Amino acid sequence: MSLKEKVAVLISIAVGLVMLAAAVAKLANLPRFAVQLIAYELMPEAWTPRVAFLVAYFELLLGVALLSRAYPRPALATAAALVGVFLFAIAWGWVRGCLEECGCFGEMLSRSPAQAALEDVVLLGLLVSAYRWMPPVDPKRVVRRRQAFGVVSILVLASMANGWGQVPSREEVSDAQVAGIKGRTVRSIPGYREAVPLPRESTIVVFLSTRCIHCARAVPRFNELYQKRGDMKFLAFAVNKDPDVQQFRKRFGAVFPILEAPRPKLRHLVHGVPEVLFISNHKVEEAWALPPTVEEVQAVQYRLERGF
């Protein structure tokens, strides 16, 4: 076996391990991965839980194929095609300004679109090289590998079929977006120049992106919250890069003022957009991934006033 052929084998094993790690990380918290997938704005939101499920299992199966080397060249070609799809998706979200992290490894590892794109370009180059250098396989010498791969594939597909009914619902995905936010202490919202202090009074805080179609569709609900907020304060922040706030307000009829805030400094609060927080006395009392109704917000205020 030549040096290039040995390198091709090492690349296949290394990428196989990466694929397995990515699949396990996604399956460990599928609702959270679905939230990250929504940010790409590549498909209807209702599709994302099932697409997240299929992507995770496909990566798992592909990782097994690369490690087993039962069908080395087809596995490398498939991996290269998948990385190409990932690269396109990252570029799409990055250009549109709707993506802050790629979600490639679920919650295991957080990377910016630029970092993920660079890694995918390198990975794609390695896969193409490995495909070219991988030596031909004698079917007689890989019979046991192919049998083992077949058995593992059947087990993975059986697990996939069994788990299809457990694909997270839209409500579970929404809960995953705001998980861990309720109960946090928040005294101010970071700004580009200076932080925006929060009052002790009950405050509705909205995080949105001026390039997010879901945020645009939520404007009528935000308008209603703003107009019927009563004694509550209302603050809205555009967290995407270079937001055109005035055009967004004009185009979608937003009657509420919108400030700007850098999303990288809000990772502890903003897990997706749109997102709405009810903050009172500097504490997050409630968090919503889907814009709440006026009645839902008033119910939280009533609970606080009664000391429940």
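Here is a short chat about a few labels used for this predicted model.

User: What makes α2 and α7 roughly perpendicular to each other?

Analyst: Look at the crossing angle. The axes of helix α2 (residues 30–38) and helix α7 (residues 170–177) cross at roughly 85 degrees. Angles of 65 to 115 degrees count as roughly perpendicular, so α2 and α7 get that label. Their axes come within 8 Å.

User: Which residues meet there?

Analyst: On the α2 side you've got Pro 31, Arg 32, Ala 34, Val 35 and Ile 38, and they meet Arg 170, Glu 172, Val 173, Ala 176 and Gln 177 in α7. Sorted by type, the residues of that contact are six nonpolar, one polar and three charged.

User: Why is Cys 215 not counted as bonded to Cys 212?

Analyst: Check the sulfurs. They are 3.0 Å apart, too far for a bond, because a disulfide needs the sulfur atoms within 2.5 Å. Searching the whole structure turns up zero disulfides.

User: Why is Cys 212 called buried, and what about Cys 215?

Analyst: Buried means under 20% relative accessible area. Cys 212 has 4%, so it counts as buried. Cys 215 has 0%, so Cys 215 counts as buried too.

User: What makes β5 and β7 edge strands?

Analyst: Each pairs on one side only. The open sheet has five strands in the order β5-β4-β3-β6-β7, with mixed pairing. As for β7, five bridges join it to β6 (residues 275–280), and β6 and β7 run antiparallel.

Conventions: Residues numbered from 1 in each chain as written. Predicted model: local features only at pLDDT ≥ 70, side-chain atom pairs only at ≥ 80, totals over all residues. Heavy atoms only, no water. Axes fitted to C-alpha atoms, helices over the stretch in contact; angles between N-to-C directions. Helix = DSSP H or I, 4+ residues; strand = E, 2+ residues; numbered from the N terminus. Parallel < 35°, antiparallel > 145°, perpendicular 65-115°, else oblique. Contact = heavy atoms within 4.5 Å. Nonpolar A, V, L, I, M, F, W, Y, C, P; charged D, E, K, R; others polar. Pairing = 2+ DSSP bridges. Buried < 20%, exposed > 50% of the residue type's maximum accessible area, 1.4 Å probe, protein only.
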